Amino acid sequence: MGKKNPFLFRRSNSSSTTRRRKKGGESPLLMPEQSTPSSPNNEGVSTSKTVVKVKKKAAGARLWMRFDRSGESEVFECDKSVIIKRAGIPARDLRILGPVFSNSSNILARERAMVVNLEYIKAIVTAEEVLLLDPLRQEVLPFVDQLRQQLSHKTNSSISGNRPLALRDTESHLSASGRWIPVPETSESLQDELPFEFQVLEVALEVVCTYLDSSVADLERDAYPVLDELAKNVSTKNLERVRSLKSNLTRLLARVQKVRDELEHLLDDDEDMTQLYLTRKWLQNQQNEGLSGGVGSISFNNGAHHLRRLSSVKSGSMMTSANLYDDDVEDLEMLLEAYFMQLDGTRNKILSVREYIDDTEDYVNIQLDNQRNELIQLQLTLTIASFAIAFETLVAGLFGMNIPCNLYYINGIFEPFVAGITVASIMLFMIVLGYARWKKLLGS
């Protein structure tokens, strides 16, 4: 008791100092385990508030959402080190999910996880869970809803439809010591469904492709009326609208092209696609752990026969075989090809709109060239007329000089002389105009 009184006395005298520390954010030294039992209730409350503030101001902490196989989710905030330790990925992969690479598209395969960076969807997928970055963004919410709905639906259907088969195959999943060997899905679900990581990848590709397709549809709906208006009336306003439309089209084409190139890269490399079978590698590790823990040879042979039977139906089940089916990537290849074709169709739509823009620009340029030619022809006609009038002006200027001439003394000669000079100017104009038409300098 004698040791506690000095501390209590010092705390009561330094309450103002504690307040200043709370305001300045210098209170990480006050841990809740140390302050709660030996301090009054008010001090315990203030200390817990300080700890909450420190957590909120933790450097590098970002918002994540976790999904498990059953569709259950939770939102938490943590820093890079926790994610690296939990997903087993190198630190450089988290930079891909950062704002610097926000416009890139990547699907990276690692030993225990798959890093997905598709447009606004940034996630780390393992064989057991999904870690989604910034789940509260407006663009990410459709992916969150669809993923939760699909995982919940798959879980309910597998539980209701495969209960007898799971009971029938009980002996093939038991070890010699009576423990279960973890198998993520039953045989029917393995035959009918993709692995967990591919289900997540499918939802991500579906959401991204739908978003890009809707963006292209909106662009088409806005593009054609603007281009038709430009073809009818070439004005500065219409040209500015077409310029903005073309810049949006170029950015959208680049985004579609990035996702398409990433899928094409995966389709061209079977080794990368093999590395994306996370559930297969996870289940092989579980089998190895079961063998090292004392699994009997009979039960292992039954389990291997069961797994081989599953793998003969679909290559998505081939994740459970040891060495025979490691190179088979049929399921993933079919999945990627389907969305690659969809992205290729979206890209063709963008290219068709761009071709329509190019055709409209060519038509507008032809119109402008035609108007420019008409102006040149008009200018040439006025130049010929000016030349003819200049001849008449020259004659009038000559007679305007103070030079003695007998024509000045002839009565009634002014009108015939002016009429003759005018007729001569008109004839000169017609001769030069006919020569220009003969040389095809003027239109017919």
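Modeller: Helices here are DSSP runs of H or I with at least four residues, numbered from the N terminus. Bear in mind that this is a predicted model.

Biologist: Fair enough. How many helices and strands does the chain have?

Modeller: Of the chain's 444 residues, 36% count as buried. Among contacts with a separation of 6 or more, 68% are between residues 24 or more positions apart. As for the elements, the chain has 16 helices and six strands.

Biologist: And how many aromatic pairs does the count come to?

Modeller: Rings of Phe, Tyr and Trp pair if their centres lie within 6.5 Å. By this rule, the count comes to five aromatic pairs.

Biologist: Take F198 and Y277: is that pair stacked, tilted or edge-to-face?

Modeller: The ring centres of F198 and Y277 are 4.7 Å apart, and their planes stand at 85°. Planes over 60 degrees apart fall in a class of their own. At 85°, F198 and Y277 therefore make a pair that is edge-to-face.

Biologist: How many residues apart in sequence are the parts that F198 and Y277 tie together?

Modeller: F198 sits in helix α10, which covers residues 196-232. Y277 belongs to the loop between α12 (270-275) and α13 (278-292). F198 and Y277 are both buried. The parts this pair ties together are apart in sequence by 79 residues.

Biologist: What angle lies between the planes of Y435 and W438?

Modeller: Y435 and W438 are three residues apart in helix α16 (residues 414-438), so about one helical turn separates them. Their ring centres are 6.0 Å apart, and the pair is tilted. The angle between the planes is 50°.

Biologist: Is W438 buried or exposed?

Modeller: Its partner Y435 is partly exposed, at 49% relative accessible area. For W438 the relative accessible area is 62%, and the cut-off for the open class is over 50%. W438 is therefore exposed.

Biologist: Which residue lies over the face of Y277?

Modeller: R69 lies over another ring, that of W282, at 6.0 Å from the ring centre. Over the face of Y277, at 4.1 Å from the ring centre, lies R280.

Biologist: On to the helices. Is α10 roughly parallel or antiparallel to α11?

Modeller: α10 and helix α11 (residues 236-268) pack with their axes 10 Å apart, at an angle of about 155°. L205, Y211 and L219 are among the α10 residues that meet α11, whose side of the contact includes L239, V242 and R255. Angles over 145 degrees set the class here. That makes α10, relative to α11, roughly antiparallel.

Biologist: In what kind of crossing does α10 pass α15?

Modeller: Helix α15 (residues 330-399) and α10 pack at about 10°, with axes 10 Å apart. That makes α10 roughly parallel to α15. α10 passes α11 in a left-handed crossing. The crossing in which α10 passes α15 is left-handed.

Biologist: Any odd backbone angles? Where is the place of E119?

Modeller: E119 is a residue other than glycine, yet its phi is positive, near 55°. With a relative accessible area of 12%, E119 is buried. Its place is in the loop between β4 (114-118) and β5 (121-125).

Biologist: What is the relative accessibility of K440?

Modeller: K440 also has a positive phi, about 60°, although it is not a glycine. K440 lies in the segment after α16. It counts as exposed, with a relative accessibility of 75%.

Methods:
Residues are numbered from 1 along each chain as its sequence is written. This is a predicted model: local features need pLDDT of at least 70, side-chain atom pairs count only at pLDDT 80 or more; totals for chains, interfaces and linings use all residues. Side-chain values use heavy atoms; hydrogens and water are left out. Rings of Phe, Tyr and Trp (its six-membered ring) pair if their centres lie within 6.5 Å; planes under 30 degrees apart count as stacked, over 60 as edge-to-face and the rest as tilted. Helices (H or I, at least four residues) and strands (E, at least two) are DSSP runs, numbered from the N terminus. Buried means under 20% relative accessible area, exposed over 50%, partly exposed in between (1.4 Å probe, protein chains only). A charge sits over a ring if NZ of Lys or CZ of Arg is within 6 Å of the ring centre and within 35 degrees of the ring normal. Axes are lines fitted to C-alpha atoms, for helices over the stretch in contact, and angles run from 0 to 180 degrees between N-to-C directions. Angles under 35 degrees count as roughly parallel, over 145 as roughly antiparallel, 65 to 115 as roughly perpendicular and the rest as oblique. A crossing is left-handed if the near helix is turned anticlockwise from the far one by less than a right angle, and right-handed if clockwise. Contact means heavy atoms within 4.5 Å.
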